[in-house]
Amino acid sequence: SLTMACALILLGILLDSVDGSVARLTDGVTEIGGQLDALADLITFGVAPAFIMLHIVSNGLGIEEGASIFNPGTGNVIGRVCWGIAALYVCCAALRLARFTVQTAAGRLGDHLSFSGLPSPGAAGLIASTVLLQQHLYKIQDPSAFVSGLISMITIVVPIITFAVALLMISSIRYKHTTNQYLRVNRSFGYTAWIAVAIIFCLVWFQETLAIIFLLYAASGPCRLLLSRIKAFPGTAVGD
């Protein structure tokens, strides 16, 4: 099911965040392991989210029309557009992973506290968490008009999100490495309290909180870039 597929992608994100540490801890770092890791990432964070997006659109179109969307030569206009978006997403994920592999091999990532372009796990996480939220809303009995509208809106928004994160992956926008910057360093009590609040929200509203977290992370790069451009603009003063 779509719920299981999204859950497995999120599990892949969790495992991807620790696989490097485990390999170094067990002295299992090899070149072939790195290549296999990149291939696994391409399937988990590239191919799988693209097909999930196609499934969502198919379900939204209805059984008769949606059945033909999985044929790249479908006569359905929406289907063709979504296939184009899916192909673009997979290509951008492959380019993103290839660039990361080259930069890592060349030692240009330094302390590895940031990424150039949206990381593929972040892109896949946003797609998976959004679809997971929709599947959760489907289970609500007697949904309100707002919930029904949100379910329909997600069907329309997911292809747009897929297109946007595809472009963000191959961009040069800087993104923080969440694991290295936030989880592997000592932080203040206030920061720990915010983490605790996020965990509580996840326990109470898991799907909603997860979707918001991935959305904020995807938007963080462009927002920081925009703020830096505004601050660097001549004549701009703090407080204006």
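Me: Buried means under 20% relative accessible area, exposed means over 50%, and partly exposed lies in between (1.4 Å probe, protein chains only). Why is Leu210 called buried?

Reply: Its relative accessible area is 13%, so Leu210 falls under the 20% limit and counts as buried. This is a predicted model, where local features need pLDDT of at least 70 and side-chain atom pairs 80 or more, while totals for chains, interfaces and linings use all residues. Residues are numbered from 1 along each chain as its sequence is written, and side-chain values use heavy atoms, without hydrogens and water.

Me: Why is Ala93 called buried too?

Reply: Ala93 has a relative accessible area of 0%, which is under 20%, so the word fits.

Me: And why is Trp205 called partly exposed?

Reply: Trp205 comes out at 44% relative accessibility. That lies between 20% and 50%, so Trp205 is neither buried nor exposed. You will find Trp205 in the loop between α8 (189–204) and α9. For the whole chain, buried residues make up 35% of the 240 residues.

Me: What makes a stretch a helix or a strand, and how many of each does the chain have?

Reply: Both are DSSP runs numbered from the N terminus: helices are H or I with at least four residues, strands are E with at least two. The chain has nine helices and two strands, in the order α-α-α-α-β-α-α-β-α-α-α. Ala93 sits in helix α4 (residues 77–106), and Leu210 in helix α9.

Me: Which partners can I look up for these two buried residues, and how far away are they?

Reply: Try Ile43 for Ala93: they are 50 residues apart along the chain, with C-alpha atoms 9.4 Å apart. For Leu210, look at Leu132, which is 78 residues away in sequence and 9.2 Å away in space, C-alpha to C-alpha.

Me: What makes a patch, and which residues form the nonpolar one on the surface?

Reply: Its members have over 30% relative accessible area and no salt bridge (a side-chain nitrogen of Lys or Arg within 4 Å of a carboxyl oxygen of Asp or Glu). Like charges are joined within 9 Å, and nonpolar side chains (Val, Leu, Ile, Met, Phe, Trp, Tyr) within 5 Å. Here the nonpolar patch is Ile195, Val197, Ile199, Ile200, Phe201, Leu203, Val204 and Trp205. Together they have about 770 Å² of accessible area, by the Shrake-Rupley method with a 1.4 Å probe, counting only the protein chains shown as cover. Trp205, at 44%, is over the 30% limit, so its accessibility fits membership.
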